[in-house]
Amino acid sequence: YELLRNTVLEQGRVLGDDVLKVDSFLNHQLDVRVLNAIGKLFYQQFGALEIDKILTAEVSGIAIAAIAAQYFQVPVVFAKKTLSKNLDPDTWEGSVYSYTKQQTYQIRVAKRYLGKGEKILILDDFLANGQAIKGMHQILEESEAVLMGTGVVIEKSFQAGKEMLRDQGVEVHSLIKVTSLEGQQIQLREK
Ligand code: 5GP
C-alpha cells in the first residue's frame, strides 16, 4: 500500500482542477512493481470471494486486471470500445457517457466470453463520474452474470461516481482515495 500511495504522491501530476495524470506508472509507461502491489491489494480485498473472471475495460484497465488475475488464477475479459472485425458480432453492450467528449459510446463484450451465472469481479484504474463502471455493470446485467465486487485503483472522491453507484446499491472498493486536486496539490485520504 505504501508503495502505491507514495508513487501516486511522487509521480502523479495534476491537470486543471480535477485530472490526475499517472502516465509514468499506470496509464502509459507501466511500472510492474507498482502494478504487482495493486494486484496484491485487490487480492487482499476480494481474494476470499469465489470469482470466475475479472472484467475490465480497454485500455488502461488491462494491465491492472491481468496482474491481479495472477493472484486470483482466473481469466480477464476486457470490454472493447471500438467495433472491429476482430470482435464477434454477438455482444453484450453497455453505454458510457464521456464528460470530456460530451458523448455516449458503447462498450462491448462477446457473448462467448461472458455468460449467465458467471461470478465477476470488475476492476478499473479510475473512478471519477462512475460512467465506465456503470457501463460494465450494464454488461453484467445483460449477460446475467453475477457481480461479486467492484474495485478501482484511484477514486476521485470529490466527483460524483462513488455516490451515484452507492445510490444504485453498488459499493466500490478503492485502493487510493483522492479527496482534492485543487491548487495542483494531490490530497489523499488516510487509509
Ligand atoms: P468515469 O467518469 O467513467 O468514472 O471515468 C472514466 C474513465 O476516465 C476512467 O476509467 C479513467 O480511465 C478516465 N479518468 C477519469 N478521471 C481520470 C483522471 O483524473 N486521470 C486519469 N488518468 N484518467 C481518468
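**Exercise 1. Which residues come closest to the ligand, and how many surround it?**

Solution. Start with the count: 15 residues surround the ligand (each has a heavy atom within 4 Å of it), and the closest are Leu 20, Ala 128, Asn 129, Gly 130 and Lys 156. Before going on, know what you're looking at: this is a predicted model, where local features need pLDDT of at least 70 and side-chain atom pairs count only at pLDDT 80 or more, while totals for chains, interfaces and linings use all residues. Residues are numbered from 1 along each chain as its sequence is written, and side-chain values use heavy atoms, with hydrogens and water left out.

**Exercise 2. Which atoms of Ala 128, Ala 132 and Lys 156 lie close to ligand oxygens?**

Solution. Look for polar contacts, meaning pairs of N or O atoms within 3.5 Å.
- Step 1: Ala 128 uses its backbone, with a polar atom there 2.8 Å from an oxygen of the ligand.
- Step 2: Ala 132 also brings a backbone N or O atom, 2.8 Å from a ligand oxygen.
- Step 3: Lys 156 uses its side chain, where a polar atom sits 2.7 Å from an oxygen of the ligand.

**Exercise 3. At what angle do α1 and α3 cross, and which residues make the contact?**

Solution. Helices here are DSSP runs of at least four residues and strands of at least two, numbered from the N terminus.
- Step 1: find α1 at residues 2–11 and α3 at residues 32–46.
- Step 2: their axes come within 9 Å and cross at roughly 130° (on a scale from 0 to 180 degrees).
- Step 3: α1 and α3 are therefore oblique, that is, outside the ranges under 35, 65 to 115 and over 145 degrees.
- Step 4: Leu 3, Leu 4 and Thr 7 of α1 touch α3 through its Arg 33, Val 34, Ala 37, Ile 38 and Leu 41, where contact means heavy atoms within 4.5 Å.

**Exercise 4. How do α3 and α4 pack?**

Solution. Same recipe.
- Step 1: α4 covers residues 60–72, and its axis is 8 Å from that of α3, at an angle of about 55°.
- Step 2: that angle makes α3 oblique to α4.
- Step 3: on the α3 side, the contact residues include Leu 35, Ile 38, Phe 42 and Phe 46.
- Step 4: α4 answers with residues including Ala 63, Ile 67 and Phe 72.

**Exercise 5. What is unusual in the backbone at Glu 58 and Glu 144, and what does Gly 115 touch?**

Solution. Take the loops one by one.
- Step 1: Glu 58 and Val 59 are joined by a cis peptide bond, with omega about 0°. Val 59 is in the loop between β3 (53–57) and α4.
- Step 2: Glu 144 isn't a glycine, yet has a positive phi of about 60°. Its loop runs between α5 (131–143) and β8 (146–156).
- Step 3: Gly 115 belongs to the loop between β6 (103–110) and β7 (119–127). Leaving out residues up to four places away in sequence, Gly 115 touches Ser 143, Glu 144 and Ala 145.
- Step 4: Ala 63 is 52 residues from Gly 115 along the chain, and their C-alpha atoms are 23 Å apart.

Key. A polar contact is a pair of N or O atoms within 3.5 Å; within protein, one must be able to donate a hydrogen and the other to accept it, and residues adjacent in sequence count only if both atoms are side-chain atoms.
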